[in-house]
Amino acid sequence: MGGLRGLLVGFVLFFFFSVGAVAQMVITEIMYDPQGGSDGISSEFVEIFTGEYVNLSGYLVADEAARSGTRSNLTELQTYPSGYALVIVNSSDFSGNLSGIPASLYFTAKIGKGLNDKGDSVFLFLPNGTPLTAVNYTALSAAKDGNSLQLINGTWQAAPPTPGLPNE
């Protein structure tokens, strides 16, 4: 009986800590219009703060146009022991040095139907389709200037991209 109780306690603790890790995920940076930047970033990306390494393979991402339709699966390209994950659209177009990014990297062919330059929403779903987190953004002068939108001290601001790093 003690073995069954220990197994049950272990399962409950695993479930509690797994749910806790999932519950704290926050979208912290969105590169929706990489045109015009001089930093070598030529592809859309979404940065997610996970608090600790979480394997997001199989999670789903979408934009407003695809929220209730086709969602894109995430495939892990690089595991990195940090609290950041970077979802990259078309890694062959990401001309920056992927190995130099201090975050776990995930590939998707497209975020929904492509992030809209005038405003959109980004959604992250668990592999079973349950919504996990979402952000709605508007173009805050980050279009065609190489900036990304970043969550800095609770406010979204346009700033030079910091993929996989804290926004400052």
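In what order do the strands of the open sheet of 4 strands come, and with what pairing? I will start there, with the caution that this is a predicted model, in which local features need pLDDT of at least 70, side-chain atom pairs count only at pLDDT 80 or more, and totals for chains, interfaces and linings use all residues. Residues are numbered from 1 along each chain as its sequence is written, and side-chain values use heavy atoms, with hydrogens and water left out.

The order in that sheet is β4-β3-β8-β9, and the pairing is antiparallel. Its edge strands, each of which pairs on one side only, are β4, at 72–73, and β9, at 131–138. A strand here is a DSSP run of E with at least two residues, numbered from the N terminus, and two strands pair if DSSP finds at least two bridges between them. Between β8, which covers residues 119–125, and β9 there are 7 bridges, and the two run antiparallel; within that pairing, Phe123 stands opposite Ala134 of β9.

Let me move to the other sheet, which is open, has 7 strands in the order β5-β7-β6-β2-β1-β10-β11, and shows mixed pairing. Here the edge strands are β5, at 75–78, and β11, at 155–159, and each of them pairs on one side only. From one strand to the next the twist averages 30°, where the axes are lines fitted to C-alpha atoms and angles run from 0 to 180 degrees between N-to-C directions.

We can walk across this sheet from the β5 side. β5 is joined to β7 by 3 bridges, and these strands run antiparallel, with Gln78 having Leu105 as its bridge partner in β7. β7 and β6, by contrast, pair in the parallel sense, over 5 bridges, and there Leu86 stands opposite Leu105. On we go to β2, which pairs with β6 in the antiparallel sense over 5 bridges, and in this pairing Phe49 stands opposite Tyr84. β2, residues 45–49, in turn pairs with β1 over 5 bridges, again antiparallel, and Met31 has Phe45 as its bridge partner. Finally, β1 and β10, the latter at residues 148–152, pair in the antiparallel sense over 2 bridges, with Gln150 as the bridge partner of Glu29.

Which strands of this sheet are enclosed by the rest of the structure? In β6, residues 84–89, 6 of the 6 residues are buried, so this strand is largely enclosed by the rest of the structure; buried means under 20% relative accessible area, exposed means over 50%, and partly exposed lies in between, with a 1.4 Å probe and protein chains only. Both faces of β6 are covered, with Tyr84, Leu86 and Ile88 buried on one side and Ala85, Val87 and Val89 buried on the other. β1, residues 26–31, is also largely enclosed, because 5 of its 6 residues are buried.

That brings me to the nonpolar cores, a core being a set of buried Ala, Val, Leu, Ile, Met, Phe, Trp, Tyr and Cys residues joined through side-chain atoms within 4.5 Å. The largest one has 22 residues, and those touching the most other members are Ile30, Val46, Ile48, Leu56, Leu74, Leu115 and Val122. At least two residues of this core come from each of β1, β2, β6, β8 and β9, and the largest share, 3 residues, is from β6. There is also a second, separate core of 8 residues, which includes Met31, Phe45, Ala103 and Leu105. To come back to Val46, its contacts, meaning heavy atoms within 4.5 Å, include Ile27, Leu115 and Val122, not counting residues up to four places away in sequence.

I will close with two single residues, Ser104 and Asn153. Ser104 is found in β7, residues 104–108, and counts as buried because its relative accessibility is 1%. A polar atom of the Ser104 side chain lies 3.0 Å from the backbone nitrogen of Tyr80. Leaving aside residues up to four places away in sequence, Ser104 touches several others, among them Tyr53, Glu76, Tyr80 and Leu86. Asn153, in the loop between β10 and β11, counts as exposed because its relative accessibility is 79%. The phi of Asn153 is near 50°, which is a positive value in a residue other than glycine.

Methods:
Polar contact = N/O pair within 3.5 Å; in protein donor to acceptor, adjacent residues only side chain to side chain.
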